[in-house]
Each structure stands twice: as C-alpha cells, then as structure tokens.
Amino acid sequence: MIKLTWLRKNLFSTWYNSLLTVICSALLLWLVQGIVIWATTKAQWAVVQVNLRLFLVGRFPQTEYWRVWIVLAIASTLGAVTAGVFFNQQKLTWRKVGLFAFIVGLLLVLFPLDLSSRLWLLLTAILLIPGFILGSKLTNLVAPWLSLIWLLSFPIILWLIGGGFGLRPVSSNLWNGLLLTLLMAAISIVLSFPIGVLLALGRTSNLPVVRWFSILYIEIIRGVPLIGILFLAQVMLPLFFAADVRLDRVLRAIAGLVLFSAAYMAENVRGGLQAVSRGQVEAAKALGLNTFFVVLLIVLPQALRAVIPAVVGQFIGLFKDTSLLSLVGLVELTGIARSILAQPQFIGRYAEVYLFIGLIYWLFCYSMSLASRRLERQLNN
C-alpha cells in the first residue's frame, strides 16, 4: 500500500506526469533490452578474457606475480582495518558475510585465473574480515598508528613491485595496466594532499612572501591544462638535474600529477579554512595555544571535515586523470587497452574493451564516493 501511494504521489500525480513516466519507462526498457541483447549475443568478450592479465598487470613478469598478490593482500588488509576504524558502528552480520562470500565466489568462477591465482585471491578475500574486525574492536589502539602504518607500507609496496634488495628488479617499463593506474593514483593522492594543505595555509598566511608565492603557484597551475603539466614534467624536469641523472618516466609523471592536483586541493581546503569561525581561533589563543597548535588541533580538523566531499571529488578526478598518462608514453589502463585493440584478432572491439575499463574506473570511483559519504556521516554523528 505504501509503495502504491508513493507511485501515485511521485510518478502518476497528474496526467502529464503519468504520460512522462510511461514514455521514460518505455525508453529505459528499450535501452536496457538493447544492451542486454548486444552483451549476450553480439559482443565478443573473448577480448577481455584472453587479455585479462594485460588489463590488470600488463607486462609484469609472470614469474613475479606473487609479489603483486602480496601487495594486493597488504593494501586490502590495511583498507579493511581502516574501514573498521572509521566505521566501527557497522556490525558484520551473517547477511553481509554471505553477500561478500557470494561476490568472491563469483569472481573466482568468472575470472579466467589459474589455480595459484585463485588461491591468492581467496586468501586476500579471507584477510578482509579479520582486518575489519581488528579495526572495529581495537579502534582506540589502532587509530593513532593507522597513518604511520599506511606510510610504512608504501616503501614495502614499492620494493615488492620494483624489486631490488634481494628481489629481482622489474623495470618501470613493465609496470602497466591497472597496476600502474592504482600505483600512480595512490602515490599522487598521498603526496598532493599535504602539499595542498600547506598551500591553502600559505594562501591565508599573514606573511606576504608565503601568501604571494602560494597565490602565484595556485593560479598559474590552475590556468594550465593537465596534459601540458605532464608534458612539461616529462621534458623540462630532467633539465633541473645533472646530465648523468636520469629521472624515471614514472617519477616524472607522478611529479606532474602531484603539482597539478595540489593546486586544486589547496583551493578545496581553503574553502574549509574559511568556514571555521574566527572566534574559535581567538578562544584557542586565549587558552594559551600557539599558532601551530591552533591550526593543527582546532582549525584543520574542522576545515577538512567540512570539505570531505570536495577533497574526495578531487581524489576521484585525479584517479581518472591518470588515463592521460598514455599520451606521455606510460602504458596504464587506458594505454594497455589501446595496445590490446592493436592486436589483429581484436581490431574493432572498442565497445567491449572500453566498457570493461569503464567498469573498472566506475568501481573504484564509486567505492571512494561511498567511503566518503560513510565517513562524512560517521563524523557528523
């Protein structure tokens, strides 16, 4: 009865609303029917099945895949612990565990993986549940060290991927596909966030030199397209070093992404700084706190909480902007898709390939958006 009342009130309240509802429903049904028929009868998904490894890790040596699986296990477990810390009010029910098990089982069945990869995927999935429980049960113990643990995990992850110090070195030219996309996005996000915060604080500073430097940097970088910044990083950045020093292309691309994203991050954070009332700053100083602790303990927590949607939107934009790296010679997810489409047996399979990588981008972007909404709701409680 409630559903019928809702339908009558929102979709069939007047004759023209009813007509519009019927027309839109018919168009939607026709569109969905066409997509389903194409996906089940005409699409050739063999291009995805055959090249799945290229999509995920590119030309990374197959004998070293175990290192990628360990990286995935570390990142997934830390992500589960982080989710448990921030969403400790969320309880694991048998329904949620069953849904999770169903999704993992579906991936194990659908993905054309060998036995070793299936076991690694199953182990990684199993680690998520104790990680979440650890974060939710020991929140007070884990939370203060969480940022440090994440920072310490990055050198380990880079060591596992790049090799050295006892592991076989793997050239960055072999870091391709989704592996390179996630690596570039994660490092750029981690580096651009503190730089953006410092630029935002610098733009609101009372010191003229610091304020004008921050303003010039932000306005100049925001006036240049990202592709221009990436080309400048690839061509001009080596000129600032000695002739015998050759910067890796991946490092140059990371520098370009960080420089670009930090300027936009600064403006997002500055909006949050302006939302903090001046009275709170004066009250904190009246209690004896110096400027550093006022900013660190009073201003920044409130400012960052106010701009969580904007900051996460910037992170999502940065993740998608990694697709431009294919234009400067890096074979990330979009670049590997172009390489796959160049194979003679898969020429013309644009729809299947770009729908697949579009789905991958959507899954990661939607996950970040969902996490930001949950975090914002948690902090507002």
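This note comments on one pocket, one helix pair and one arginine in a predicted model.

1. The second largest pocket has a volume of about 680 Å³. Its lining is made up of 22 residues, and those closest to the pocket centre are Leu201, Thr204, Thr291, Val295 and Val299.

2. Four helices each give two or more residues to the lining of the second largest pocket: H10 (177-203), H13 (249-275), H14 (278-286) and H15 (291-306). The most is given by H15, with seven residues. By class, 13 residues of this lining are nonpolar, five are polar and four are charged.

3. H14 and H15 also meet each other. Their axes come within 10 Å and cross at roughly 145 degrees, and the crossing is right-handed. On the H14 side, the contact is made by Gln280, Val281, Ala284 and Lys285; on the H15 side, Thr291, Val294, Ile298, Val299 and Gln302 take part. The residues of this contact divide into five nonpolar, three polar and one charged. Thr291 and Val299, which belong to the contact, are also among the residues closest to the centre of the second largest pocket.

4. A separate point concerns arginine 67, which lies in helix H5 (residues 65-86). Is arginine 67 buried or exposed? Arginine 67 counts as buried because its relative accessibility is 1%, and buried means under 20%.

5. Which residues does arginine 67 touch, leaving aside those up to four places away in sequence? They are Trp159, Leu160, Ile161, Gly162, Gly163, Leu167, Arg168 and Val170.

How values were computed
Residues are numbered from 1 along each chain as its sequence is written. This is a predicted model: local features need pLDDT of at least 70, side-chain atom pairs count only at pLDDT 80 or more; totals for chains, interfaces and linings use all residues. Side-chain values use heavy atoms; hydrogens and water are left out. On a 1 Å grid over the protein atoms alone, a cavity is a set of points where a 1.4 Å probe fits but cannot get out, and a pocket is an open set with protein on both sides within 12 Å along at least five of seven lines; lining residues have an atom within 4 Å of a point. Grid points are joined across faces, edges and corners, and a volume is the space filled by probe spheres set on the points. Ala, Val, Leu, Ile, Met, Phe, Trp, Tyr, Cys and Pro count as nonpolar, Asp, Glu, Lys and Arg as charged, and the others, Gly among them, as polar. Buried means under 20% relative accessible area, exposed over 50%, partly exposed in between (1.4 Å probe, protein chains only). Contact means heavy atoms within 4.5 Å. Axes are lines fitted to C-alpha atoms, for helices over the stretch in contact, and angles run from 0 to 180 degrees between N-to-C directions. A crossing is left-handed if the near helix is turned anticlockwise from the far one by less than a right angle, and right-handed if clockwise.
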